[in-house]
Each structure stands twice: as C-alpha cells, then as structure tokens.
Amino acid sequence: MERATRADLAVIGGGSAGLCAAVAAARTGAKVVLIERSDRLGGMGTLAKVHTFCGLYHPDVSLPPQISNPGLPAEIERLMRARTGAGPVKMGKVYVLPQDPAAFAVIAQDLALAEKSLEVRFGATCTAITGGAGEGFVLETEQGDIHCRALIDASADAAAAEFLGATRLSVAAETNQRSAFIFSLQGVDPAAMEEGFRMRLALAIVRGVAAGELPETAMATACRPSTVPGEIHFTTDLDPAPRDVLMATGLSLADALSGFLRRKFPEFAAASGPIPAAEPGVRETFRWQGQYVLTAEDLISGREFPDTVAYATWPIELRETTRGAKLRFFARPVPASIPLRALTSAEIAGVFFAGRCISATHEALASVRVMGTCFATGQAAGKAAAAFAGFRSR
Amino acid sequence: MSDLITRIRTLIDGGLFPLAESVCDDTDLHAEGLDSLMLMQLILLLEQEFGVAIGPEDLDRENFSSLTNIAALVRRKGNTG
C-alpha cells in the first residue's frame, strides 16, 4: 500500500510527547501525520505500563496539587482522573497521579481521533529521512512516503537525528539510567494493598533472593496498588541492556515472582498469571543537540529563559545503581523553565523534538524525561513546529 | 547511643542515599526519600552491620522514620554493645 502523503508536519513517535505534539499542532489547523511503530498511542504509559504520571504538579508539596503546564497536560490529567477516580498522591516530596495504562491508551486515542487534521499511522517506522535544506522533508516509511515542511522527533531515541546526520547527545550505554520492567497481577486479595503488607512482601522478595528462590534481578522490585481493584503493579529496575534482553529478563522475572508470591502468600493464591508490559520502560538512550542544552544546574537553580515554553517539576531522579533512585530536588520548590531552544535543532531548520530526546544533559534528562513533562514539551514542540509551517495557535 | 546513630547515619549516607546536613536525628527519613525499596536495602545493611535479624513484625514505617527510631530498633534487636 505505497502512497505519498503531503502534510504540514510529521511527528515520529506516539508516546506521551508525540501525542501532545501532534494534537497541539493539529489544533492550529496544520495537517499532521503521526507515525507510531506499535499498535497504540501512549508510549511508556501504555506499552511499558508506567502507571504514574510524574511531573504534572507544582513541586511545592506544602501546597495542594496544582498543574504546572496548562493545555494538554491539564486535559490529560482531568481525563485520567475522571476514568480512574483517583487523584494526585503525595509520595515523599512529590505529587504523582496514579494512572491506568489501559485507560491512557483510550484517552490518547480519543484525543487524536478528535482532531480532523491529524492522521495516525500505526505499525509505521521510518526507513529514511531526507531534506532539511529549506525544501522540507521526506520521511520514507513502509506505508509510503510523507512529505512535510516541519518534523517533530518524539521517538525517545532521537531516531531522526541519525537519518539526517545530526549530532546526537548520549552517555556511554552502561552509564544510562537503568530501565524498568513492569508487570501486574490481578485478582489479588485487597489485604495485599495495605502498605504494611506490601512492606512484608518487599522483605519476602529480598529474603527470597538471598535464599536463591528468586533471581538476583528481583531484588529491586517495588510494588504499588493499581487504580484497578485487585491489581498490583510490580516494577523492577534492570541493568542497561538492549531492549530484547530487557524484555526476556523481565518476562522470566515476572514468571518467577508471581509463582513465588502464590506459594508464599495466601493473598496471591487466586491471583492471575503475570500480565507483563509489552515493552521495557527505557529511561535513557539518545538525545538531540539543540540550540541550547538544558543542564541540571539550570533546573536546580530555577534559571529563567526568555523563550520558556514548558516547565519541569520533577526532581533529578538518577537511577544508575542497584540501590534505587537518587533524587536531587530543585533549590527552591518552583517549576523550572525549559526553553524552546532545547526543543529546536541547532543544525537543521524545521526540526523540533520533544519528550525524552530533547536537548538536555544526562542529569537534566533525569528530570524532564517523566510523562507529565513530556506532555508539556510535546505540546510546545507541536506549536513551534506548526508555527514554522505557517500555522499559529488559536 | 549517639555512636550508634552516627554509624547508622554513615550506613545510610554511604550505602543508600545522601543525607543532607540538615537531617538531624529526628528528621522524617521517609520525607527525605527513604522509599520502600531503599528500606529493604537498609534492612540488609543493618543486618550486616549490626548482626541483628529484622523480621516481618518489625516492618512498621515508624521503626524506620528517623535515625533515632532506627537506632532504637537496632538496640531492641540486641548485639549492639
């Protein structure tokens, strides 16, 4: 089914950033094509079962939760709360919104379907991208070529940078943030949702590893009740590895852990088998080199930019060791500015980026990579790319 | 007692997460970032360092909510001199 399509802009990747980029751009009237390699929108929030929206709320937890980025981040928050009935939760020094990956897939789909000038193509990946010298771009996909004036890379991996020969930022793969593998069990006794029980569970897992009943990888497993009654999510951080290795490790781990819990705890006797994520929750790969590279210092010091287009509110959450997350909070509990230049290519006019592949250092990424912030950078990149193609926000 | 607290502080600071200087003996560690995962790591560290055995009955958030409370737990479990 070869066909050539003309659009004002193309968005690569339908995760939290790409979704918001495409919808925000389409709302200006621009004709947008969004290509997504999987079968659904939502990225890590659906495929990887990441079940909390982080980075949505103002960092001052002495105040009631307040959305820091208007527009689509606020819309998605409202839609999710209406579906789950769950509001923001204070976890230590941050607010998060528990989210249901299945509900998010529908919310994302409905947001996209509501835009008449947005076309979503599933199961589509780029095989080549050419252009960038002022005459627009051609994206080659298995489903035909897409000609567009502006391009948004929301691939999380700066996929377009490689095709266009642009500079990518990265650290050595083994220094990358660790990835997460998430699975859930349903039909769990409600007693298992209590915090006290979950602590006993965590201790049992640690003892199980020490006794050789569980693989070493099970050690860093956190469990959290889902917004779905009777469901618990299990999240395990894994050492950096290729996606297929992470997936294989994760599936074996889910199998071992669910069997272990069923043997040890009557609360799990009637539980389902493991319901694994379709993909590992990768936290870091490659980023674009933009007109500005956002640093941890910018975020921590609350540096303001003349071209601020989005706000980061999540602390710098480094997950580099088996000991779990290391959090660095902003110096003052206020949202930190993200400049448009960090979403704009320094080398190729008409290229914008959003989400996990924005122009940021390894440390700054550890704050801006979360979904709440990806909604915001996506929305900002969508508006900027539409403006580049001649469309202004209404 | 204060020696014990110093040892626990060093254990957490060196092995789990950096403790700000503002963290005193009674500061709420959960608010400082001690999550359930770190708590399990902390239990393993305490068991190694002090030769105590911490069981499911000790898994009360309150037991781990400050350096003072952790020290009290370790003392209750014995072997701390």
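Student: What makes up chain B, in helices and strands?

Tutor: In this predicted model, chain B has 3 helices and 0 strands. From the N terminus on, the order of its elements is α-α-α.

Student: Why is chain B called as compact as a globular protein of its length?

Tutor: The radius of gyration of chain B is 11 Å, and the globule rule gives 12 Å for 81 residues; the two values are close, so chain B counts as compact as a globular protein of that length. Along the principal axes, its C-alpha atoms fill a box of roughly 30 × 25 × 20 Å. Of the 81 residues, 31% count as buried. Among its contacts between residues at least 6 apart in sequence, 65% join residues at least 24 apart.

Student: Turning to chain A, how do you know that Met80(A) is buried?

Tutor: A residue is buried if 20 or more other C-beta atoms lie within 10 Å of its own. Met80(A) has 22 other C-beta atoms within 10 Å, so Met80(A) is buried. Met80(A) lies in helix H2 (residues 72–84) of chain A.

Student: Which residues are in contact with Met80(A), leaving aside its neighbours within four places in sequence?

Tutor: They are Leu97(A), Gln99(A), Ala103(A), Phe104(A) and Ile107(A). Met80(A) and Leu97(A) are 17 residues apart along the chain, and their C-alpha atoms are separated by 8.8 Å. A contact is judged on C-beta atoms, which must lie within 7 Å, so the C-alpha separation does not rule this contact out.

Student: What makes strand S13 of chain A mostly covered?

Tutor: Strand S13 (residues 179–185) has 7 of its 7 residues buried. Ser179(A), Phe181(A), Phe183(A) and Leu185(A) point one way, while Ala180(A), Ile182(A) and Ser184(A) point the other way.

Student: How do you know that S13(A) pairs with strand S15 and with strand S16 of chain A?

Tutor: Two strands pair if there are at least two bridges between them. S13(A) is joined to S15(A) (residues 232–238) by 7 bridges, and these strands run antiparallel. One bridge partner there is Leu238(A), opposite Ser179(A). With S16(A) (residues 275–276), S13(A) has 2 bridges, again in the antiparallel sense; Phe183(A) has Pro276(A) as its bridge partner. Both counts reach two, so both are pairings.

Student: Why are S1 and S8 of chain A said to stand at the edges of their sheet?

Tutor: The open sheet has 4 strands in the order S1-S10-S9-S8, with mixed pairing. Strand S1 (5–6) and strand S8 (126–131) each have a single partner strand, so one side of each is left without a neighbour in the sheet. S1(A) and S10(A) (residues 144–148) pair in the parallel sense over 2 bridges, and Thr5(A) has Ile146(A) as its bridge partner.

Student: How is chain A divided into domains?

Tutor: Domain 1 is 5–172 + 285–317 + 328–388, and domain 2 is 178–276. Their centres, taken over C-alpha atoms, are 30 Å apart. In contact are 8 residues of domain 1 and 6 residues of domain 2. The domain 1 side that touches domain 2 has 4 nonpolar, 2 polar and 2 charged residues.

Student: Which residues have the most contacts inside the largest nonpolar core?

Tutor: Leu9(A) and Ile152(A) do, in a core of 148 residues. That core draws at least three residues from each of domain 1 and domain 2 of chain A. Not counting residues up to four places away in sequence, Leu9(A) touches several residues, including Ala25(A), Val32(A), Cys148(A) and Ile152(A).

Key:
Residues numbered from 1 in each chain as written. Chains lettered and ligands numbered in written order. Predicted model: local features only at pLDDT ≥ 70, side-chain atom pairs only at ≥ 80, totals over all residues. Domains from an automatic or database assignment. Contact = placed C-beta atoms within 7 Å. Nonpolar A, V, L, I, M, F, W, Y, C, P; charged D, E, K, R; others polar. Core = buried A, V, L, I, M, F, W, Y, C linked by C-beta atoms within 7 Å. Buried ≥ 20, exposed ≤ 12 C-beta atoms within 10 Å, placed from the backbone. Rg over C-alpha atoms; globule rule 2.2 N^0.38 Å.
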